[in-house]
Amino acid sequence: MGSSTTHGFRRLRFTEDDGVDYARIFSAEVNGRDLGSDTFVTDGTRYEYTIVGDEDVTLRTMRSENGRRGGVIAPRTDHVVFWLTRGRLEMHFADRTRVIEPGSPYIASASEAYRFVSADTVYNGLHLADPFLRSVGEELGYRLPDGPLLFDQQDATVAQREPLRRLVQDLAPALLDDRVVGPMRTALNRRLAVVVLDTFPIRNRGEDVPVANRLRDAIRYIEAHADDRPSVPEIAEASGLSQRGLQDVFARTLGTTPNRFLRDHRLDCVRRELLRAVGDDGVTPVARRWGFTNPGRFAAAYRDRFGEDPAATLRASRAARPESGRTSWRVRRALAHIEAHAGGDLTVEQIAEAAGVRPRRLQQLFQEECGQSPMAVVRAARDAASRNTTAGSSVRR
């Protein structure tokens with residue numbers, strides 16, 4: 001076990017190699033109970049559990065390989081938002097069972113106990129102390145319940161935008177730095193808490209509608225009416241927010257403005273059509289269908305968002321059709337998988353499986369058709385996402 005502490009900041013690491021018993025981690029750091037009968041870890045399981053942060057917010061990871069783990073998590077003092085990047089987790093609550101697989105974040109409210117079983121998982125978690133989360137909610141003017149603070153899961157419309165995971169990636173260097181303490185760390189923790197409160201609906205609020213649901217309705221309205229280019233007042237009215245409230249929640253959670261979000265969604269729709277390459281339409285008719293009437297400005301915006309000209313996307317898509325007799329369609333399938341999962345722990349084997357080829361053949365195809373390896377493309381996709389996050393941060397500032 002390794003650890004360090006600075007002004008309430010903790011950095012801990014537990015592994016089976018250090019002789020740290022799994023039950024000790026479970027009881028001391030996860031608030032597990034019934035250790036004699038419920039907690040288990042199968043022989044041969046290798047695990048590493050890390051904790052970084054202060055008493056308000058901690059980032060945690062659990063890597064467990066070659067075995068299964070399980071136990072009961074009792075009510076806690078912190079709410080936990082987590083993602084799996086590998087494996088499978090079953091959570092058995094008093095009234096329901098949830099199966100968690102890699103993908104969207106899941107929130108476990110502090111007051112809810114559950115039994116879990118996991119196999120060969122990689123877990124990334126964000127633990128937020130209940131008193132701290134409540135204080136941030138009160139600052140935002142949220143109507144909080146008098147009893148336990150209970151959360152519903154993110155709506156798929158919000159989850160697919162990954163606002164919290166992108167923010168964690170953006171803030172990670174500072175969050176992991178033990179020199180960032182005091183007011184600076186509190187400010188970082190608050191930004192994370194705000195996005196949790198904005199994107200996970202709070203239960204038991206009477207007639208009050210959570211901001212998370214307002215954000216969901218705004219995104220759905222934009223997506224449904226993108227070709228009509230709705231105005232900010234129209235979006236605000238459709239979601240039940242004031243124009244100022246709409247601007248604020250988009251800035252806080254997505255790091256952008258409603259108008260910029262709408263423009264980016266329209267660009268995404270153009271790219272989707274170009275990638276499908278249905279019919280003989282060129283770039284200009286597709287762009288016009290989504291409200292882009294100035295070819296020069298459209299091309300510049302498209303290059304800025306996707307790193308290539310729209311004409312290049314269309315040419316590659318048409319060359320990648322399976323009926324063309326070429327194998328490029330497999331590369332296109334691999335690229336789509338990379339674009340959809342770049343935020344996770346992608347491997348060449350996973351990308352190859354998505355493309356329907358063996359890893360060695362995938363490497364050959366990428367070198368022949370892209371001039372680089374699959375993992376180089378993954379790194380480029382992550383860099384692009386980071387640039388978008390940075391751009392969003394400048395909007396917030």
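1. In this predicted model, the axes of helices α6 and α8 cross at roughly 95° and come within 11 Å, and because angles of 65 to 115 degrees count as roughly perpendicular, α6 is placed roughly perpendicular to α8. On the α6 side the contact is made by Val211, Leu215, Ala218, Ile219 and Ile222, and on the α8 side by Leu246, Val249, Phe250, Arg252, Thr253 and Leu254. By class, this contact has nine nonpolar residues, one polar residue and one charged residue.

2. Helices α6 (211–224) and α8 (243–254) are also, together with α9 (258–276), among the elements that cover the buried residues of α7. In α7, which spans residues 232–239, the buried positions are Val232, Ile235, Ala236 and Ser239; seen down the axis of α7, these fall within an arc of 100°, so they line one face of the helix. This can be read against the general rule that an α-helix has 3.6 residues a turn, so residues three or four places apart point the same way. The residue that follows α7 is Gly240, whose phi is positive, near 75°.

3. A second helix pair worth checking is α2 (residues 130–140) with α5 (residues 183–199), which pack at an angle of about 75° with their axes 9 Å apart, an arrangement that makes α2 roughly perpendicular to α5. Here Phe132, Leu133, Val136, Gly137, Glu139 and Leu140 of α2 meet a set of α5 residues that includes Thr186, Asn189, Arg190 and Ala193. The residues of this contact divide into eight nonpolar, three polar and two charged.

4. Helix α2 also holds a salt bridge between the side chains of Asp130 and Arg134, at 2.9 Å from N to O. The two residues lie four apart in the helix, about one turn, and both are buried.

5. The count of salt bridges comes to 26, and Arg203 deserves a separate look. Its side chain meets that of Glu112 in a salt bridge (3.7 Å, N to O); Glu112 lies in the loop between β10 and β11 and Arg203 in the loop between α5 and α6, so the pair ties together parts that are 91 residues apart in sequence. Arg203 also forms a salt bridge with Asp152, with the closest N and O atoms 3.0 Å apart, and this pair links the Arg203 loop to the loop between α2 and α3, 51 residues apart.

6. As for accessibility, Glu112 is buried at a relative accessible area of 15%, whereas Arg203 is partly exposed at 23% and Asp152 is partly exposed at 35%. These three residues belong to a network of salt bridges that also links Asp95 and Arg96.

Technical notes. Residues are numbered from 1 along each chain as its sequence is written. This is a predicted model: local features need pLDDT of at least 70, side-chain atom pairs count only at pLDDT 80 or more; totals for chains, interfaces and linings use all residues. Side-chain values use heavy atoms; hydrogens and water are left out. Buried means under 20% relative accessible area, exposed over 50%, partly exposed in between (1.4 Å probe, protein chains only). The arc is that of the directions from the helix axis to the C-beta atoms. Contact means heavy atoms within 4.5 Å. Axes are lines fitted to C-alpha atoms, for helices over the stretch in contact, and angles run from 0 to 180 degrees between N-to-C directions. Angles under 35 degrees count as roughly parallel, over 145 as roughly antiparallel, 65 to 115 as roughly perpendicular and the rest as oblique. Ala, Val, Leu, Ile, Met, Phe, Trp, Tyr, Cys and Pro count as nonpolar, Asp, Glu, Lys and Arg as charged, and the others, Gly among them, as polar. A salt bridge is a side-chain nitrogen of Lys or Arg within 4 Å of a carboxyl oxygen of Asp or Glu.
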